[in-house]
Amino acid sequence: MGTHELTPKFTPEITPTLEELQAQERRLVFRQFTHEDAWALGSLLVEMAREREAPVAVDIHRAGQQLFHAALPGSTPDNDAWIARKRRVVERFGASSYLVGARYRSRGTTFEESSRLNQDEYAAHGGSFPINVEGVGVVGAVTVSGLPQLEDHRFVVEALERFLEKYL
């Protein structure tokens, strides 16, 4: 019996701090964001999801227009509803849906208890990240739904890091 057999399959999730989440948003900024960029980023997310057999839906919106959408095996119409709710948080607050929820939790409350927003329309759960263009600001959102919220968030962040290294 080798030692690798004793290694746990999963490690406990380490919740990122507000500072770490804010640093992600400062770092992951585009010089521009075109229709072609949306296609390339969306395609990268789909490729990553297929490699991991992740049952997710992927969505990219810019200026109120859906530029990319894909639903992978295992995803459901409910994922599309979550995408819309998480995206609205990004559009309203100009920050990732996970960061918005984390800010409320850091104050000892929850988004649901304290935001005064309709929970059928807004969800401060991880998975939607702002498309922030240098010198312009937030112009849209890239959103994933189908995994636990921290995994959705990390999945989008990983894709954005890869995309910004490769394409810009």
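Biologist: Are α1 and α4 roughly parallel or roughly antiparallel to each other?
Modeller: Roughly antiparallel, because angles over 145 degrees count as such (under 35 is roughly parallel, 65 to 115 roughly perpendicular, the rest oblique). Helix α1 (residues 18–27) and helix α4 (residues 97–106) pack at about 155 degrees, with axes 10 Å apart. Axes are lines fitted to C-alpha atoms, for helices over the stretch in contact; angles run from 0 to 180 degrees between N-to-C directions. Helices (H or I, at least four residues) and strands (E, at least two) are DSSP runs, numbered from the N terminus.

Biologist: What am I looking at, and how is it numbered?
Modeller: This is a predicted model, where local features need pLDDT of at least 70 and side-chain atom pairs 80 or more, while totals for chains, interfaces and linings use all residues. Residues count from 1 along each chain as its sequence is written, and side-chain values use heavy atoms, without hydrogens and water.

Biologist: Which residues of α1 meet α4?
Modeller: L18, L21, Q22 and E25 of α1 meet Y98, L99, A102, R103 and S106 of α4. Contact means heavy atoms within 4.5 Å.

Biologist: At what angle do α3 and α4 pack?
Modeller: Helix α3 (residues 77–93) packs against α4 at about 75 degrees, with axes 8 Å apart. The pair is therefore roughly perpendicular. K86, V89, V90 and F93 of α3 touch S97, V100 and Y104 of α4.

Biologist: What is the order of the strands in the sheet?
Modeller: Strands of a sheet pair through backbone hydrogen bonds, either parallel or antiparallel. Here four strands form an open sheet, β2-β1-β4-β3, with antiparallel pairing (at least two DSSP bridges per pair). β2 (65–71) and β3 (128–133) are the edge strands. β1 (residues 57–62) and β2 share six bridges; one joins V58 to A70 in β2.

Biologist: Where does α3 lie?
Modeller: Across β1, β2, β3 and β4 (137–145), at about 155 degrees to β4.
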